[in-house]
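Good morning, colleagues. Please look at the sequence and the structure as they come up on the screen.

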Amino acid sequence: MRLIFQRVFALTIKELLALLRDAASRAVLIGPPIIQLLVFGYAATFELKHVPFVVYNQDQGQLSRDFIARFAGSPSFDLLSMVHDQKGLEQAIDNKSALMAIDIGPNFSSDLERGRATHVQLILDGRDSNTAGLATGYAQSIVTTFNGVQIAEHGGNPPSTVLLDRAWFNPNLDSQWFIVPGICGILTLLVSLLTTGLSVAREREMGTFDQLLVTPMRPTEILLGKALPGFLVGTVEGSLIVMVSIFWFHVPFTGSLLGLYLGLFCFLLSTVGIGLMISSLAVTQQQGLLGVFLFMVPAIVLSGFATPIANMPEVVQYITLLDPLRYFLVILRGSFLEGAGPSLFWPQYWPLAVIGIISMIVAGRLFRRRLS
Amino acid sequence: MKVMRLAGLMRKETYEILRDPSSIAIAFVLPLVLLLIFGYGVSLDARSISIAEVVEHPTQLTASFLAELQHSPWFRPTVYSDEGSAEQALMHGRADAIISLRSDFTRLSYSSGSAPVRLTVNGVDANQARIIENYVNGTWLLWLQQEATRQGTRLATPVVADTRVWFNPSLRSRDYLIPGLIAIIMTLIGALLTALVVAREWERGTMEGIMVTPVTTTEILLGKLIPYSAMGMGGMMMSTAMAVFLFDVPLRGSLLVLFSTAALFLLTALGMGLVISVLARSQFVAAMIAIVTTFLPAFILSGFLFDIRSMPEIIQVLTHIVAARYFVTMLQSSFLAGDIWSVILPNAFGMAILCAVFLGIALFRFRKRLD
Amino acid sequence: MQSTLIRAGRIDMDAVVVRNLSKSFGKGVGRRDALKSISLQLPLGTMTAFIGPDGAGKTTLMRLLAGILTPDAGEIRVLGHLLPKEALTLQSQIGYMPQHFGLYEDLTVEENLNLFADLHGIPHGMREGRFAELLTMTALGPFRKRLAGQLSGGMKQKLGLACTLIHPPQLLLLDEASVGVDPISRRELWSIIQQQVVGQKVTVLLSTAYMDEAERCDHVVLLHEGEILAQGNPAQLAAPFQGHAFVLENVPTAPRNLQSRVAQLTGVVDTVIQGDGLRIVMQEPRPPVLRDDLAPFGTPKAVPARLEDAFVSLLFRRTPRHLIPLPTHRDTSQDDATVVVVKDLYRYFGAFLAVNNISFSVRKGEIFGLLGANGAGKSTTFRMLCGLLPSSSGTLRVAGVDLRTATASARARIGYVSQKFSLYGSLSVRQNLSFFSAAYGLENRRRKERMAWALEELELKDYTAMNAGSLPLGYKQRLALACALMHEPSILFLDEPTSGVDPLARREFWARVNALAAGGTTCLVTTHFMEEAEYCDHLVLMSLGEILAQGTPTEIKDMVRRPDLPKPSMEDAFISLIEEHELTSRRAS
């Protein structure tokens, strides 16, 4: 038993040394995840700021100018220019210089002054319908506020109820709070896959694998020795990334560290297991790379990182049950924002552990089969 | 440059591609699988938002409001007896939002006219939360109008904003996501195809044999670029066909423009792969760089999902070196709007510069020298 | 017309003129001077060999002359072109075959030829004739449509040469073209090269680890640590050492036991086993004095010195030889026990029969040699013995067990040094040793002892912190041996351990193996250096997966002894046995 431990330990040390002594792989392992967290943490935002819009104002009165000023003064919208005909409006949308155009008819002010309802047209560029949809919501709320002021000044029948909305866990609906924990998950996935997915293929190509096989090490020990470095690197990098999220991006950490680390452990169990599966199947590094990509890309897309799983068709939703990142994102977001602890995460822990254990067993089988 | 040498190199590359099934897998199987998963998996249209309803004192008024929610295709309401259990549901992710009408709702609505409809959303996914707010808001406004009509009054809405969404009136997110996905998939293919090919020749020692022939560096690089571009175009055609026939995305621009811009983009993506390949002489390092620099930047920085204008300025500048950024814009226009030259030309220009820079670096750094 | 004029004008010119050429690699502490201000002048139409130990700068010089490296200082003119400026022009006039010629393995023989014809701009009309000529010359005609990746090592090398010659070059650069090639293929390669020199008046520059190849050249340049130690024609180089070489003939016992003892005598520079005798090179032109129990072996006879003697002696002056002492005690338990048994062994790869019904056995403490051409099935047999590959059928026993099915701990009894350098290149020498001793389950104290032993005995002390990947080839080989010996295995497998290693390092390596065997370790070796076969106690000669002959070196040579060949060398024996076998198997099929 002591011997087994000693051999696995030696292999782990060797793997870590091989990863960290080579300047290029060291750089690739440490630099990019942090840079990516910083860049993507700022880039990935669903908030709308500075949406450019144009106005075609056929009205001469003061009220239309007030109306436009409400849009121009909002942080969400930037007035690009006033256009003077329908054609200018169309052009601005067509060539994407403006996302929204406001078309105000000639009777805007006079209608309002007479207490009559008036119509304005909001034209949006539907080529990017998420932005268009969000911008519509923003614009509606500006219009509603404007209407409130009009009713107060000119009288009229106000609505009988008001809609009061509030958001739990993220009162300002700051999408960075949502995205940054997601990126933590993606980067941990990336690092643990990279350290394990190519490792056997690399030894095969370099010829060191035979040398390893003639030692008294058992396949299981070799596999363990390959898994541990993935665990260690994943844990260290994961912690580093979580710290950057807390101290740099100021995402509040309201849950329990125990809950998060239990989750990280289960998550790494599954990603390292999958990495080793790829590793045992791949004969060349190119195949290993292909395998890592083929797993990683769908895993990210189907994890609910950017688009909610609930929006997917039912069949695809079942597929996401196989995606370890899906569970880990729930744990990350729960720990960061919802103040959830380990007791709330059981529905996440056990699937991760099951995926991990099954993939480890399959990796071990494949590995032993490859050897014979 | 001599045609015979270039042709020889291209022929060699073609044989290698044809005899190594993994290249073909990258060019054709990968886009097929990814587009299927993405096409079905990525959608921003909220469907079946599960709403927890809490009504403390049911009346005819509350019933009519709940009926409106029930009729909306967006919501899947469940009634909870008290606020506490609804909150539990929100906490455990069984509900996306809570709508609660307090016991004084009916009384307040007739007396003061400011009866609160309380909406609580889970704000963790801020984007989704905002979409839910918009949907609830819209439904609530509609109900107000109907309620006013039923009572014989008219609701004072001085300004009615009529929203018209051009190019995608139903705001189907798939229509704009799929063109963006094609751009991302092509980025992956381009980088994966070329990232390893030069590094592989160094490792196998074939480069040394080629280098001492009269062949020039331009010929070596073109000999790689052209066959892989051709293969990438095959993948592009397949993706376009899938978008149009399988996902019903309208294609309003001309095929000529679409494929010309795709060719330019492929050249850029392959150029980037070549740069990686030339800079890293080992396949392992090339693979790592390819993974890190292709998929995630294209996914996040291309404007495919996250609006570039909302990013901090410095990152907006950074997005200019992501080729997918230009291609996403052009593809969305080509599919949904048509051949709009004022979109195509500036983006094509940006891409051409990027392409020239990548190929320039590849050419400059790739010399017929071992040191 | 113009090109003939230029050619004619250059008749009296030198093919290569190099002045004060320097080249170093790396920066700072890791900086290594590969060439230190060398000057050289080689006339057109001659054949020049660069020889020297590993890391002498042979490959660097070749690459500089081919224009694919930039010099740090100095002037290079090749065929009148100033390098590196006119490299592109030069490259259309030369042929260069790098050490590991990279053929495109996914392309067929013909497609490879076509590619290089395209790159050299050979018009399509002229190709067929040239291809036919080259394919006949290399005997690759029947394999035109075969993928290069499926050719044997020797055939690949010949195809590489054919690709290099596709455009008749004025200058041919060959960097260790015959490394890892069996004697038959090597002979064929040489006949092609010589046809070029005689027939086409091509100037040839080659680097080689084989002294017999260098001996056939007009001019030999001996490089050592980036400097030229000596140059001249082979006879000139050997001249100063006439009178230093002696031979002890008809040694009654196994020559290798005698060799290690003679090597310890003062004044002895080099000892080589030669047939039944021992060749001795002395520091001074005086015969060695054989006293005491060596006296009965008779008196050494003076023989003419040859290039190899000069090579060893010149390098000996620079770096005195390290003597490997024989072990003082020998593990005599179970001497003469059979430790490896192979019976009726078969191995198929798909439909291809790689090992065809072979049987042999190895006794404890023997040096057992597996000889054969490329693709003869030597490595496959080894990999099956080590448990890396299952057999298709047959019996395998190593130390009484089949390693494929035995418990993992049974593997602790064997050590394995594979054909390619296969240690962790990015780990230091110490880390590699430490890893393998832990992998073999050595406990702490013993691990420390063995590491100290390895660093001391294999002279790796100066390199402990260096990355294994950047060691010179000879040191890599030592490290590989050290790693395989950390756990003191009783059986050692060495798969082509000396391929590409220079003559000095090779001698040292064999001295170590000799010492190991003397200490009771069984050593199994594959090789295609025929002279190395003489070190073995027992030999098996393989071809196309079958055993052609087995026995002691003398027994094998006796098989081909004929009146016209009274004293066959091992190479003679090998070639005639294989040719005979191929003839019969062809007749049979």
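I shall speak about chain B and then about its contact with chain C.

Please keep in mind throughout that this is a predicted model.

I begin with the overall form of chain B. Its secondary structure consists of 16 helices and five strands. Along the principal axes, the C-alpha atoms of chain B fill a box of roughly 95 × 40 × 40 Å. The radius of gyration of chain B is 28 Å, whereas a compact globule of 371 residues would have one near 21 Å.

How much of chain B is buried? Of its 371 residues, 63% are buried. As for contacts within chain B, if we take those between residues at least 6 apart in sequence, 79% of them join residues at least 24 apart.

Let me turn to the surface. The exposed area of chain B is about 13,400 Å², and 63% of that comes from carbon and sulfur atoms. With regard to charge, chain B carries 28 positive side chains and 26 negative ones. The centres of these two sets are 11 Å apart.

Finally, I come to the contact between the two chains. Chain B contributes 28 residues to this contact, and chain C contributes 35 residues. Together, chain C and chain B bury about 2,700 Å², of which 61% lies on carbon and sulfur atoms. Which three residues of chain C supply more of the area it buries against chain B than any other three? They are I68(C), Y104(C) and L119(C), and they account for 26% of that area on the chain C side.

Thank you for your attention.

Notes
Residues numbered from 1 in each chain as written. Chains lettered and ligands numbered in written order. Predicted model: local features only at pLDDT ≥ 70, side-chain atom pairs only at ≥ 80, totals over all residues. Heavy atoms only, no water. Helix = DSSP H or I, 4+ residues; strand = E, 2+ residues; numbered from the N terminus. Rg over C-alpha atoms; globule rule 2.2 N^0.38 Å. Buried < 20%, exposed > 50% of the residue type's maximum accessible area, 1.4 Å probe, protein only. Contact = heavy atoms within 4.5 Å. Areas by Shrake-Rupley, 256 points an atom, 1.4 Å probe, with all protein chains shown as cover. Lys, Arg positive; Asp, Glu negative; His and termini not counted. Charge placed at Lys NZ, Arg CZ, Asp CG, Glu CD. Buried area = accessible area lost by both parts, 1.4 Å probe.
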